[in-house]
Amino acid sequence: MISLLAFVISINSPTDPVENLVNASGSEAGMNAESSASEELRRQVRKKLGLDLPVFYFNVAAYADCDTLYKFQEKSHQENLSEFVRRYGNWDYIETYYHSVRKLAKRTSSMTLDSSKMTGFSSKTISNARNEMMLSSLSLLEINNPTYVQVKFDSITAQNKRYPFIIGIDTEVSEMISAYDAVLENKQNWKNYIPALQLNGALNQYHIWLFGNEARNRGGVVRGDFGKSYSDNEEVGTKMLKMFPYSFILVMLSIFLSYLISIPLGVYSAYKKGKLFDSVSSVIVFMLYSLPSFFVATLLLYRFANPDHLMWFPVGGVKDPSVFNSEWAWYSFANIKHQAPYFVLPLISFTYSSFSFTSRIMRGSMIDVLDQDYIRTARAKGLSEKKVVLKHALRNSLLPIITMFANVFPAAIGGSVILEYIFSFPGMGSGILVAITSIDIPMIVAVFTLTGVLTVTGYLVADILYVLVDPRISYKK
Amino acid sequence: MSENLNNDFSFKAFAWLQFKKNKPALVSLYLLMFLVFIALFAPFIANNQPLYMKYKGESFYPAFSTLMNESKVDSVYDEQAEAQIVFQYDLMDWRAVELNAVVWPLIPYGASTADKYNRDYADPGVEQRMRNSKGEIVKLPGRLKHFMGTDKLGRDVASGVIHGTKISLLVGLVSMGIACLIGILLGSLSGFFGNDGLSTSRIQYWLGVIGVFIGYFYAFISRSLTLKESFDSGLLEGVFTLFISLLIWFLVIIGFVQFGKLFKKISFLNVEVTIPIDAIVSRAIEVLNSLPIFILIITISALLSEKSLWVLMVIIGLTGWTGIARLMRAEMLRIKQMEYIQAGKALGLSNMRILTKHAIPNGLGPVFVSFAFGVASAILTESGLSFLGIGVPDDIVTWGSMLNLGKNEFEAWWLVIYPGLAIFVTITVYNLIGEGLRDALDPKLKK
Amino acid sequence: MQKFLYFFSLIIVLTACVEKRDLSKNTVVVDLESYPDGLHLFNSNSGSSSFIFSYTQTGLVSMNSETEKFVPILIKELPKADATGLLYFMELNDKAKWDDGSLVTVDDLIFSWKVSLCPLTDNAHTRNFYRSVVDSVFKDKLNPKGLWVKVKAIHYNNMNVVSGVTLAQKNYWDPKGALNNLYFNNINSDDFKTNKDFDKWFNDFNSADNAYKPENLKGIGPYQITELANKSYVILTRKENWWGEGLNGEDYNNFPEKIIFKTTTDPGAGYLSLKREELDILKNRGGVWISKFNRLRRNDKFNENYESKYVGTNLYRYLGMNMRPDGIKYKPFFTDVKVRRAMAHLAPIDDMLEFLYYGEATRQASIVAPFNNEADTTLGFIPFDLDKANKLLDEAGWIDSDGDNVRDKTIGGEKVQFKFKLNYYSDPSLKEIALVLKESMKRAGIILVPNPLDFGTLFGNAYDHKFDAILAAWGGSVSYSDPTSVWGSKSWAEKGSNFIGFGDAESDSLIKASNTNLDPKEHLKAYRALQRKIYEEQPYIFFWSEKYVMACHKRFDNIRFYRARPNINVSGLQLNYK
């Protein structure tokens, strides 16, 4: 379900991933590379990414729509064609027209000029005329508004007439214009108002993403293959496997720490309700709760990792490659000793807000429980205050906190985007941020899917913990 | 009925009384009013144009005139030069002009206007410079000082904090407004009717389901071109067309349902079936809750081809309604059992009437609480996004974008501290109000 | 309360654990601008991967960083064209050995060319370029060490291309000879024919393992990649008994035992790690880093520890104006050269250079950086001049006719406001430039709307001519860069890098002359004429060629910074730590 949602989002992204990949070289190589992306290259990239297939098993469309629109090379052409259909409803004619324009575009880009008729024209005019012809015909592939189309038609015919050196495109031009006229004459707008269900079969992007396809070298998500990242061609699964442990450890540690502090604090301040300790700690906790974590993280970095102030902790990352020895096992003392300082600042900024949240909840639920009749009974029985609070009340007041534990797993992915970014922590959060800014769609979709799975896992774990804590709940029937 | 209303009224008064007892919440409420005041009057609190000035013997009100007068151009006759001097309010550097008298706003700088003489992170504690009317570079007098420093381009941080108030309040209110609308509607429907409260004939039910798809088809697929063209020609027109599309969708569904009435005579088709509205809404909430919302928001705003504050608010609103819907649902479940609702039913009032006139108004209490907390989290989301440099247009100064600048420039602590504190204060204010409201509206305390 | 104390004491214990780097070790920690997009020999082509390859690979030729001229490394002398100009000959010398001890052979070279040209390799970006130049490669009939490369057309740059192939060992990658039946006429034909063997071999070859597993990342250079840590660092270790050991020349240096490439994405973190001496080398940083760096250079401790310099580059920043918009959605603002000139007068370039770059960039008048010896230095810079800009805009017909302080003009019966969008990559330093320009344009009644975009959308729109103006940069190499793709008029119609629609017959002929004249004098004459032509037409506002920030820790001797890539002699650094 979630993966489908993520899929829908990614499909609607205005950026054509093909364009993104094809043009990626522009950044560094710039002038050296012959960077004009050829049609052939686009086709190859499309096929490699599996974008030459329909998106889903079926789609709701109008009767007029073409059911194989996805086969067209460029996203802009696809969009233009579907708008064309909305305008006139007669796909057959539109297709003929489209192909006639393509033919003209192809012809103009490889046209040889008649040099014998060039006299009287400056070389500038000649070169401009040729380019203008070419772009006019190319841009016709992307426009459908009748006024604009007419403008382009006029300019093409006018130029064709004016410059005698442009030869050999008369048939193409007239073919194109008559094809367009045919489109206008045979409007079938009624077709746009009849809904149709287009069935695409199993050879579609979603199916291949989920179940894989032998011929396309895809294992599918069911076999743990999330596809390859657009930005660096690495397997998304491998990538996530490298990042996930860091985030998971960070979140687990932070939850552990925050429970360690917040449970006693919550219990104590509930016990001392209305006293000075309670009000002071409440105010502090409340302030912490409202402090934006990225603000705190920036300040921490500024105070504790800056040689101008205190250089207690490293700036970012999780290890120093010049000290770190790759032969250390992750559980070895040397490794833990080396990596621990890197976790301190992220841990503090990650923990304080959740700790304040949990301690507030803890306090609330403890107050509730202390009001209950059975506590009064226990007190009346003459049990010591310590025993009443710690034995009877605590256990029951832990329930709301356990519910929160369900969020641990999804939080390992999404909870710390900004913090991981600030501390250049190589976890899922910074990974997904990079993926999003570079529009690495397979990665984004994979993260959303994984979060869904982990949320369910979280609920499961919380349920199990419920059973452990609350003897009244039992799943045995 | 009337007694019930009285009760209600007294409860409101009681809640207000309770709220007033909560000192931090009350202070927060005043603070919030102050923030709203700052946001509304930001152009008169922080502006690089004087509030009042006397120039060549004539009085002008630049800060006000720029808002009123579109051309922003005025002129004065210079007797010495015997010529008309034409000037444009927003382009003049009024510090470099000899004025007979002048009243500056509290912070004499605009949020996005760069002070050429104090750029490259002017320290608030260090001497700052300006150009006077004689064209000399002199020490900036204390009154005109950037007392919160400037950023690299020389934009005043204090002014940025003031103008950022407006944006953060706007983000909070608009996005939570949207979230509230959706949340209240869905939550109350699902809570009030439950899985078996809303029933209809079988044929109408299935025609309705078909109508949803057919309506979607006519509203969006058939009109895709119209929609695109209207959005191209302008946001307002686009929203209008979108609204028409939604209307078409709605009408088609209604049409289908009404059409189903014709078949009522066939008994097989007239069997009563219930609409599991509660299940549908609960599933939707679950799905949205299992998504990493912050990542979802980043993804959507990064994929948009253009950055826009309004779109950002809509996204935050569309993803933030689940909490309100859940609360509303729980409240409806409680209210449903109330005597006055039962009485209304017994009187033969229609379900819709009971829902809109009695159930929803009485169930809004927790929504206020959730609204206050929601505004806080929406502001946090927006500033987090600006901090990452995603979502907000580059020429708008927000608290988060200032923090983003500060993060890269450790020495310029003023770029971190002041906007950070502003965010902190605003969030605290909303949270405290939310807290106060919760305590005040808590039914347990009603006794 | 006690828990808090425990917590704080825990922090203090951990603090004691922060290990400091041992500065006496012969390990260089080098800052990397961005993590490479893999380290696949052929398929990875980001700037970072090519920088790392310069230590793990050795080319047939290499550019001497001092003289900026090519010198032969694995071949006896630089490739020479025969009389037709279409055939290049080169002869291998017997120096270089692969890791298994075997010599580099002509077969390896042919194999490498096959892989780089074949459509089945995932190197779409470089392949297209190579395919446009190289036709086929074959052995010399007599000389077992001789190789001929046939090119498609005469071009000034052919020699660089012909000798620029990445080397791969045939015996290692293709021991079974799966590609023996792959011929150049098939590779170069438009309908390439493949078979199962080829498909399988290329599938294995393209796999991510060959880009990320250190044991697969073989090369002929002095260093071996030994560790890749996810998105944070790459470690190179010096090879034992490397073939080049003991040879003289900068290309054979391998002093550091280990080179660690570490990515720092955040300037703040980079700044701190320099202050903490966690980095030995900071290199090729521009934009927002300049202000940080400028601050550092005022710090005595930093100067004591680091040797630092700003190094000029061939990367120039510009504002490109769409000269041939469609006129429908994108209005013809900049079709008139007067408007373009006025825009240039409105850009406070000197001012921006002074305070955004602290003077650390070089103003540039046309397409070549001024310190490059191919530049036409007679072209003057266009100064900021509001009055002149206003006059030019008035002349061009852009007048504020409705008193709203925005210029307008009636084009084809429709009143058009001078309000354009400036597209740029979403980045803090570009944002600053855009905001300064916005302020400045406002003074002349022009509304500039900053429009930051992601990389794909920015260039996608640019190639499709769907923009008003674009703020971007072009990078070139120290040697001659072919202007065709950016300035040729055909490149505009074919949606190439000539986004803005520059070019007419005159400029095209100048480009052709400078490309095909192998005589340096004629070539230079045409090239300079082209620069002047572009300067006069003003399709871009040329800002400056940027400088890179370079720093190296003083615990090394023999620190040299260069303008040519890789900009610093990492492998030549000698430890002097006492």
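Two residues are in contact if their C-beta atoms, placed from the backbone, lie within 7 Å. Keep that handy for the exercises below. This is a predicted model, where local features need pLDDT of at least 70, side-chain atom pairs count only at pLDDT 80 or more, and totals for chains, interfaces and linings use all residues. Residues are numbered from 1 along each chain as its sequence is written, while chains are lettered from A and ligands numbered from 1 in the order in which they are written.

**Exercise 1. Work out how many residues of chain C and chain A are in contact, and do the same for chains A and B.**

Step 1: take chain C against chain A. Here 68 residues of chain C are in contact with 68 residues of chain A. Sort the chain C side by class and you get 24 nonpolar, 27 polar and 17 charged residues. The classes work like this: Ala, Val, Leu, Ile, Met, Phe, Trp, Tyr, Cys and Pro count as nonpolar, Asp, Glu, Lys and Arg as charged, and the others, Gly among them, as polar.

Step 2: turn to chains A and B. Chain A puts 41 residues in contact with 34 residues of chain B. On the chain A side, helix α20 (residues 441-469) gives the largest share, 6 residues. By class, that side of chain A has 28 nonpolar, 10 polar and 3 charged residues.

**Exercise 2. Describe the overall build of chain C, starting from its radius of gyration.**

Step 1: count the elements. Chain C has 21 helices and 21 strands. Both are DSSP runs numbered from the N terminus, helices being H or I with at least four residues and strands E with at least two.

Step 2: check the size. The radius of gyration is taken over C-alpha atoms, and the globule rule is 2.2 Å times the number of residues to the power 0.38. For 578 residues a compact globule would come out near 25 Å, and chain C has 27 Å, which agrees. Along the principal axes, the C-alpha atoms of chain C fill a box of roughly 80 × 80 × 45 Å.

Step 3: look inside. A residue is buried if 20 or more other C-beta atoms lie within 10 Å of its own, exposed if 12 or fewer, and partly exposed in between, with C-beta atoms placed from the backbone. Buried residues make up 49% of the 578 in chain C. Of the contacts in chain C between residues at least 6 apart in sequence, 66% join residues at least 24 apart.

**Exercise 3. Find out which strands of chain C run antiparallel to β19(C).**

Step 1: recall that two strands pair if DSSP finds at least two bridges between them.

Step 2: go through the partners.
- β11 (residues 281-285) of chain C is joined to β19(C) by 3 bridges, antiparallel, and C:R285 stands opposite C:V549.
- β12 (residues 306-321) of chain C pairs with β19(C) over 12 bridges, again in the antiparallel sense, with C:G320 opposite C:Y540.
- β13 (residues 361-363) of chain C has 3 bridges to β19(C), antiparallel, and C:R363 faces C:W544.

Step 3: see how β19(C) sits. In β19 (residues 540-553) of chain C, 14 of the 14 residues are buried, so the strand is largely enclosed by the rest of the structure.

**Exercise 4. Decide whether C:Y358 and C:H465, both with positive phi, are buried or partly exposed.**

Step 1: some background. Most residues other than glycine have a negative phi.

Step 2: take C:Y358. Its phi is near 55°, and C:Y358 lies in the loop between α14 (349-355) and β13 of chain C. With 17 other C-beta atoms within 10 Å, C:Y358 is partly exposed.

Step 3: take C:H465. Its phi is near 60°, in the loop between α17 (455-463) and β18 (469-475) of chain C. C:H465 has 22 C-beta neighbours inside 10 Å, so C:H465 counts as buried.

**Exercise 5. Trace the strand order of the open 3-strand sheet in chain B, then see how covered helix α10(B) is.**

Step 1: the order is β2-β1-β5 (chain B), with antiparallel pairing. The edge strands, β2 (58-60) and β5 (101-103) of chain B, each pair on one side only.

Step 2: β1 (residues 52-55) of chain B is joined to β2(B) by 3 bridges, and B:M53 has B:F60 as its bridge partner.

Step 3: in helix α10 (residues 293-303) of chain B, 9 of the 11 residues are buried, including B:F294 and B:A302.
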